[in-house]
Amino acid sequence: MRAKISYAVTAAVLVVYFVLAGSRGVMLIRSGTLLTVTFGVAVLILPVIGVWFLWKNTQFVRRANALAAELDAEGGLPVDELRRTPSGRVDRDSADEVFARRKAETEAAPEDWRSWFRLAVAYHDARDTPRARKAMQRAIALHDGRPVQAA
């Protein structure tokens, strides 16, 4: 729940920033000189890119959460079986063991979105965010029946 609130607050702050930056870009364009119009267009491009990026990330999170809900309904969500240090950090050897099992599961069933979802969780637990995101994108594509690029 804390993550959802943090995401919502961050998104709201970004939207306010995009509106403020966009309004400044429009003001520069209205000035009418070549220099201010050029800067105004440049300033407007940043909020457009930001809105697109925020939209794509929000869609990704919504799809991943939908897969998690579906997997939970099936009873297939991965159980947190990781050992932790006294400070609460994940034990590296434990994460490696779980990761090896998840990787083998995915290699045995490369077209199963469920195995890719669980592999994404294992990558996330190992703090490998780029690979976790790619594995989750693959799980989403497989679930949606879209073609998947070779990894």
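How many nonpolar, polar and charged residues does the lining of the largest pocket have? In this predicted model, the lining of the largest pocket divides into 13 nonpolar, five polar and four charged residues. The space inside the largest pocket comes to about 880 Å³. Of its 22 lining residues, Phe60, Val61, Ala64, Asn65 and His124 are the closest to the pocket centre. Four helices each give at least two residues to this lining, namely α1 (2-31), α2 (34-74), α4 (113-125) and α5 (129-144). Helix α2 provides the largest share, with eight residues.

It is helpful to look next at how some of these helices pack, beginning with α1 and α2. Their axes lie 7 Å apart and make an angle of about 160°. Since angles over 145 degrees count as roughly antiparallel, α1 and α2 are therefore described as roughly antiparallel to each other. The crossing of α1 past α2 is left-handed. By class, the contact between α1 and α2 holds 17 nonpolar and eight polar residues, with no charged residues.

The packing of α2 against α4 has another geometry. Here the angle is about 110° and the axes are 11 Å apart. Because angles of 65 to 115 degrees count as roughly perpendicular, that is the description that applies to α2 and α4. Helix α2 passes α4 in a left-handed crossing. On the α2 side, the contact is made by Ala64, Leu67, Ala68, Glu70, Leu71 and Glu74, which meet Trp113, Arg114, Phe117 and Arg118 of α4. Six nonpolar and four charged residues make up this contact of α2 with α4, and no polar residues take part. Ala64 thus appears in two settings: it belongs to the residues closest to the centre of the largest pocket, and it also meets α4 as part of α2.

Helix α4 also packs against α3 (residues 92-108), at an angle of about 155° and with the two axes 9 Å apart. This angle makes α3 roughly antiparallel to α4, and the crossing of α3 past α4 is left-handed. From α3, the contact draws on Phe99, Arg102, Lys103, Glu105 and Thr106, while α4 contributes Ser115, Trp116, Arg118, Leu119, Ala122 and Tyr123. Sorted by class, the contact of α3 with α4 has five nonpolar, two polar and four charged residues. Arg118 of α4 is worth following on the structure, as this residue takes part in the contact with α3 and also in the contact with α2.

Notes: Residues numbered from 1 in each chain as written. Predicted model: local features only at pLDDT ≥ 70, side-chain atom pairs only at ≥ 80, totals over all residues. Heavy atoms only, no water. 1 Å grid on protein atoms, 1.4 Å probe; cavity = no way out; pocket = protein on both sides within 12 Å on 5 of 7 lines; lining within 4 Å. Points joined across faces, edges and corners; volume = space filled by probe spheres on them. Nonpolar A, V, L, I, M, F, W, Y, C, P; charged D, E, K, R; others polar. Axes fitted to C-alpha atoms, helices over the stretch in contact; angles between N-to-C directions. Parallel < 35°, antiparallel > 145°, perpendicular 65-115°, else oblique. Left-handed = near helix turned anticlockwise from the far one by under 90°. Contact = heavy atoms within 4.5 Å.
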